[in-house]
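Visitor: I have a fold to look at today, and I would like to know what stands behind each label. Could you take me through it?

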Amino acid sequence: METAEEVNVSKGADVAAKGEAAIKSEFLTTKDKFHGLLDSESQGSKREKASESDTVDDSKETSLEEPEPKRLKQNFEGRPDGKRLRGQNKSRPHTKPTAYDEKRLCHSIIQNKECPFGAKCFFDHDIVKYMDSKPPDIGETCHIYETFGKCAYGLSCRFAKAHTTPDFKSMEKADLVKVYEGRTMVKNNMSKELQGRLRKRSVSFEKSEKYLKTLSDNKDKGAQQGNAGENQPVSTEVQTSSDKQPAPVKTVGPLTDADVIKLRPCEKKQVDFQDKLYLAPLTTCGNLPFRRVCKRFGADITCGEMAMCTNLLQGHQSEWALLRRHESEDVFGIQVEGSFPDTMTRCAELINNNTEVDFVDINSGCPIDLVYNKGGGCGLMTRTRKFERIVKGMNYVLDVPLTVKIRTGVQEKSNIAHKLIPEMKNWGVSMITLHGRSREQRYTKLADWDYITTCAKLASPIPLFGNGDILSYEDAMKAKETGVSGIMIARGALIKPWIFTEIKESRHWDISSSERLDILKDFSNFGLEHWGSDTRGVERTRTFLLEWLSFLCRYIPVGLLERVPQKINERPPYYMGRNYLETLMASQNVEDWIRISEMLLGPVPKNFEFLPKHKANSYK
């Protein structure tokens with residue numbers, strides 16, 4: 001007797017379940033058949049690899065007849081109900097990259113230097129012993145060596161044989177080394193000197209202190225006016241007297257205009273935001289390698305992941321890593337989050353003096369509880385007094401444009417963005433991005449583009465970018481008709497990063513599975529450049545690749561769709577691709593994502609475990 005799922009498949013795509021994408025009937029299948037195909041292919045490939053090995057013993061040959069499927073090492077015994085882990089990362093397994101290294105070679109040995117710690121050094125100094133215990137190489141060629149002429153990871157590289165002599169000496173390609181000599185590929189790295197000053201709280205914030213003193217003085221004036229029964233508004237602008245003569249400027253050599261003339265607000269660096277495609281700042285997945293992939297496909301504006309202003313001020317290395325900028329990112333911004341004028345203003349001055357950016361963005365649209373409950377993110381939208389002080393303070397200390405990202409509101413049926421936008425124009429904001437959902441909605445309903453249209457008219461002449469539910473060039477064309485200055489793309493870029501090419505060329509791209517695998521290869525190579533080609537770097541790259549695959553699996557090839565284009569709120573049913581790789585890429589099972597990662601980054605370590613951040617039940 002046929003199951004309900006099989007009946008739907010036999011009737012075709014016209015009776016697709018509510019919320020599912022319509023796929024041609026010849027490609028539809030059932031869950032059991034889908035996973036049966038993938039499991040059979042996986043076990044077959046394992047048998048072929050085992051048969052090619054001459055060192056397999058009889059016991060192993062016997063076990064290969066019915067190999068056990070790979071399972072994640074999830075431990076549910078500690079939970080009283082024995083259920084799988086769910087929720088907002090409350091019990092998400094976290095394995096440090098250092099856990100994958102049984103022994104690590106001393107960095108001084110890799111650089112052919114004398115170790116300053118000598119016999120007290122915690123790391124391994126015996127090269128022969130280290131090479132014997134080191135995991136086998138992943139591939140025969142090292143991307144870093146082939147691109148830059150030398151690999152900084154030397155013997156610890158997981159592709160070390162490509163650039164190591166038999167006597168364990170590292171090789172170099174002099175011509176390539178000369179090309180990249182003195183060239184800074186990645187900017188905005190925090191120096192040890194700056195980190196030390198931040199931790200000692202010895203960094204000077206002259207502009208910020210001047211602005212904050214004005215706030216304090218105005219607060220005192222407001223209290224005095226309140227005691228006197230006056231109801232006059234108190235200005236938050238920094239007062240400057242034109243009557244006072246500027247102090248004499250001490251110079252060596254001739255006196256120039258730049259020595260005595262300060263930058264005025266109208267003379268700040270300008271960015272042309274009009275008609276640009278903006279890759280949204282994406283937590284976890286919007287890392288530097290992913291942004292490089294999107295730049296190749298035509299993204300005009302990129303922005304780093306959301307950074308906490310307090311962590312930046314404290315010199316946290318992990319937070320400063322979010323500010324890094326690749327040389328290919330020609331229009332690049334930094335997004336910061338905070339809830340107080342003093343920390344946000346100081347953070348803006350810190351960024352202004354120590355990084356190379358084209359604009360700074362305030363995240364006043366973050367919906368997560370951790371941020372909202374502290375008054376940040378969406379919480380700023382309901383605290384306009386504090387929001388105004390933050391915007392004006394940051395604008396005062398920055399030499400680059402200040403932008404703001406907001407939502408329609410906090411409650412689902414109570415939009416407030418249209419009230420805030422006219423005020424932001426007076427605060428000095430250079431651009432506004434509006435996500436067409438409230439905090440309570442999250443992704444449960446479609447973005448309200450009619451409301452975005454209304455807000456775009458209110459924002460004029462300041463640019464307003466619209467954001468929400470764009471997955472094809474047709475969606476982008478409809479969005480542009482609303483009168484927005486540009487489009488921000490978030491989930492659409494994660495599901496199909498080539499969406500920027502589709503929009504610019506006004507076409508649907510029926511991209512093949514081999515082309516999609518090449519994109520993943522590029523990401524892996526960029527990840528090895530960014531995080532390293534040693535075991536730690538490889539596993540970190542794998543982790544971020546798996547996070548991205550939790551979105552990529554939602555893409556349905558154009559050639560399989562009954563109705564083009566795919567909508568972002570339609571979930572894909574079980575279907576067979578046009579080849580095995582296309583079917584594998586359609587799987588929403590984390591074990592199949594690990595298989596894809598092993599094609600690019602070799603086998604996972606024995607103690608490897610992974611639970612996706614954005615898809616907590618995908619391993620079931």
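Guide: Gladly; we will take cysteines, salt bridges and one helix in turn. This is a predicted model, where local features need pLDDT of at least 70 and side-chain atom pairs count only at pLDDT 80 or more, while totals for chains, interfaces and linings use all residues. Residues are numbered from 1 along each chain as its sequence is written, and side-chain values use heavy atoms, with hydrogens and water left out.

Visitor: How do you know that Cys 142 is in no disulfide?

Guide: A disulfide here is a pair of cysteine sulfur atoms within 2.5 Å. For Cys 142 the nearest cysteine sulfur belongs to Cys 157, 3.8 Å away, so the pair does not meet the definition. The structure as a whole holds zero disulfides.

Visitor: Why is Cys 151 not bonded to Cys 157?

Guide: Because the sulfur of Cys 151 is 3.9 Å from that of Cys 157, its closest cysteine sulfur, and this is too far for a bond.

Visitor: What makes Cys 142 count as buried?

Guide: Buried means under 20% relative accessible area, exposed over 50%, and partly exposed in between, using a 1.4 Å probe and protein chains only. Cys 142 has 1%, and Cys 151, at 10%, is buried too.

Visitor: Which residues does UniProt place in the feature "domain: C3H1-type"?

Guide: The unreviewed UniProt entry gives residues 100-128 and 141-166. Its positions follow the numbering used here, feature names are shortened, and annotations may be inferred rather than shown by experiment. In the model, the span 141-166 is 23% helix and 0% strand, with its end C-alpha atoms 16 Å apart.

Visitor: Why is the contact between Glu 146 and Lys 173 called a salt bridge?

Guide: The term needs a side-chain nitrogen of Lys or Arg within 4 Å of a carboxyl oxygen of Asp or Glu. In this pair the closest N and O atoms are 2.8 Å apart, so the contact qualifies. Glu 146 lies in helix 6 and Lys 173 in the loop between helix 6 and helix 7, so the pair ties together parts 27 residues apart in sequence. Helices are DSSP runs of H or I with at least four residues, strands are runs of E with at least two, and both are numbered from the N terminus. Glu 146, at 38%, is partly exposed, as is Lys 173 at 25%. A search of the whole structure finds 31 salt bridges.

Visitor: Are Arg 437 and Asp 469, which also meet in a salt bridge, buried or exposed?

Guide: Arg 437 is buried at 2%, and Asp 469 is buried at 15%. Their N to O distance is 2.2 Å.

Visitor: What makes helix 25 largely enclosed?

Guide: Of its 12 residues, 10 are buried, so helix 25 is largely enclosed by the rest of the structure. Among them are Trp 593, Ile 594 and Leu 600.

Visitor: How do you know that the length of helix 25 is close to what is expected?

Guide: The expected span is 1.5 Å times one less than the number of residues. Helix 25 reaches 16 Å from its first C-alpha to its last, close to the expected 16 Å.

Visitor: Where do Asp 592 and Arg 595 lie?

Guide: Both lie in helix 25, three residues apart, about one turn of the helix. Their side chains meet in a salt bridge at 3.2 Å, N to O, and they are linked with Asp 39 in a network of salt bridges.
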